[in-house]
Amino acid sequence: MAHTNAREAAPATIAGSATVTGEIAGDIVDWFAENARELPWRRPGFTAWGVLVSEFMLQQTPVTRVIPRLEEWLDRWPTPEALASAPSGEAVRAWKSLGYPRRALWLHACAVTITECHGGVVPSDVGELLALPGVGDYTARAVAAFAYGARHPVVDTNTRRVLARAVDGNAEPAPPSKRDLAAMDALLPADPVRARAFNAGIMELGAVVCTARSPRCESCPVRELCAWRAAGYPEYDGPRKAVQKRFEGSDRQVRGLIMAELRAAHVPVSHEEIGRLWPDAAQLARALAGLLADGLAVPSPQGGITLPE
DNA sequence: AAGACGTGGAG
DNA sequence: TCTCCAAGTCT
């Protein structure tokens, strides 16, 4: 398996006790203070709006791909009000090839709601954040914690993997569940400043050390406390994760081709032009129908298809 | 509550 | 080449 060079002799450690989990949090906070990457959203004075935009872009998308889009976006639309006054199609166009373009539409809708219902200020309340389109358990708490310093458990895929290994002794986390929030909450330092650092630090640890493929256990700050290591790095034995379907030839690929065409065009794209994008007419029609249903594409009064207003 | 939803880099 | 998977959310 992939962890061969990370394995070491299993120490006799009692993992999972309150003491150990408290040490884990403290060690991660200390490690993060020394090892945090310099990222745009960690710059002093980065706005709550910037945090919200970055969290949308980071959903299922690697940091390195997000950074250039984020900088462009915030230069152009530095406030929710600025984005709200632009056509939603411009948001989709500026999203470029980040993927999952519904996020651009949702982010635009967030800007409109924030402008009209929240006085142009990104909400700090988790309930109000959850009410925004495209904002789920992760993003709502990430904004509350990172933009406003509130003490909430922030649970993403990195956090779940680190907790699965260090606390539960499993190679991989169980499928996401509401219980993850409670589990993280139990580890969260009482002090909001440290809680914030722990939330960010455990994500960072999962992103750069306790990675999915080849964890760098030799440089892990909680190596000595890790339940997975203590158990001798047992392989994952839970339910098999659903295999992601092949992208080549998929409806997703066809949707992507159509969206790329709409982004590139500044006049309506004719059905004939769309027809040239993909040989399978039935699949193409299905993809286009889906985009129309999602509001990512709209019929133009003059004929053809465009991005939304 | 599985499955849909983009894209591209790494191994 | 091909599989995995990356700061999730929605239905």
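**Exercise 1. A warm-up on E273**

Which backbone nitrogen does the side chain of E273 reach at 2.8 Å? Find the helix that holds E273, decide how open the residue is, and see how far off R141 lies.

*Solution.* Keep in mind that you're looking at a predicted model.
- Step 1: Start from the side chain of E273 and go to S270, whose backbone nitrogen is reached at 2.8 Å.
- Step 2: Place the residue: E273 belongs to helix α14, residues 271–275.
- Step 3: Check the accessibility. E273 has a relative accessible area of 32%. Buried means under 20% and exposed over 50%, so E273 is partly exposed.
- Step 4: Now jump to R141, which is 132 residues from E273 along the chain. The C-alpha atoms of the two are separated by 43 Å.

**Exercise 2. T61 and its partners**

Is T61 buried or exposed? Work out where T61 sits and what its side chain meets.

*Solution.*
- Step 1: Look between α2 and α3 (63–76), and you'll find T61 in the loop there.
- Step 2: The relative accessible area of T61 is 8%, so this residue is buried.
- Step 3: Follow the side chain of T61. One of its polar atoms lies 3.0 Å from the backbone oxygen of Q59. The side chains of T61 and R103 are joined by a polar contact of 3.1 Å.
- Step 4: Widen the view, skipping neighbours within four places in sequence: T61 is then in contact with V66, L98 and R103.

**Exercise 3. Two positive phi values**

What are the phi values of K96 and Y100? Say which loop holds the two residues and how accessible each one is.

*Solution.*
- Step 1: Recall the background: most residues other than glycine have a negative phi.
- Step 2: Read the angles. Phi is near 50° for K96 and near 45° for Y100. Each is a positive value in a residue other than glycine.
- Step 3: Locate them. K96 is in the loop between α5 (88–95) and α6 (102–117), and Y100 is in the loop between α5 and α6 too.
- Step 4: Compare with the cut-offs. K96 has 37% relative accessibility, so it counts as partly exposed. Y100, at 40%, is partly exposed as well.

**Exercise 4. The surroundings of DNA strand C**

How many residues surround DNA strand C? Describe the surface, then pick out polar pairs with phosphate and base atoms.

*Solution.*
- Step 1: Count the residues around DNA strand C: there are 27, and the closest are W41, L58, T139, D156 and Q244. Sugar and phosphate make up 60% of the strand's atoms that come within 4 Å of the protein.
- Step 2: Sort the nearby surface by class, which gives 11 nonpolar, eight polar and eight charged residues.
- Step 3: Look at a phosphate first: one of its oxygens is 3.0 Å from a polar backbone atom of Q60.
- Step 4: Turn to the bases. A base oxygen of DNA strand C lies 3.0 Å from a polar side-chain atom of R213, and a base nitrogen is 3.0 Å from an N or O atom in the side chain of Q244.
- Step 5: Name the elements that give two or more residues to this surface: α2 (48–58), α8 (137–148) and α9 (157–166).
- Step 6: Take a closer look at α9. Nine of its 10 residues are buried, among them N158, R161 and R165.

**Exercise 5. The surroundings of DNA strand B**

Which helix gives the most to the surface near DNA strand B? Add the closest residues and some polar pairs.

*Solution.*
- Step 1: The helix is α13 (residues 251–264), with three residues.
- Step 2: DNA strand B is surrounded by 16 residues, and R65, P101, F247, R252 and R255 are the closest. Of the strand's atoms that come within 4 Å of the protein, 55% are sugar and phosphate.
- Step 3: By class, this surface has four nonpolar, six polar and six charged residues.
- Step 4: Check the polar pairs. A polar side-chain atom of S97 lies 3.4 Å from a phosphate oxygen. A base nitrogen is 3.1 Å from a side-chain N or O atom of R252, and a polar backbone atom of Q60 lies 3.3 Å from a base nitrogen of DNA strand B.

Definitions and conventions:
Residues are numbered from 1 along each chain as its sequence is written. Chains are lettered from A and ligands numbered from 1 in the order in which they are written. This is a predicted model: local features need pLDDT of at least 70, side-chain atom pairs count only at pLDDT 80 or more; totals for chains, interfaces and linings use all residues. Side-chain values use heavy atoms; hydrogens and water are left out. A residue is near a molecule or strand if one of its heavy atoms lies within 4 Å of it. A polar contact is a pair of N or O atoms within 3.5 Å; within protein, one must be able to donate a hydrogen and the other to accept it, and residues adjacent in sequence count only if both atoms are side-chain atoms. Helices (H or I, at least four residues) and strands (E, at least two) are DSSP runs, numbered from the N terminus. Ala, Val, Leu, Ile, Met, Phe, Trp, Tyr, Cys and Pro count as nonpolar, Asp, Glu, Lys and Arg as charged, and the others, Gly among them, as polar. Buried means under 20% relative accessible area, exposed over 50%, partly exposed in between (1.4 Å probe, protein chains only). Contact means heavy atoms within 4.5 Å.
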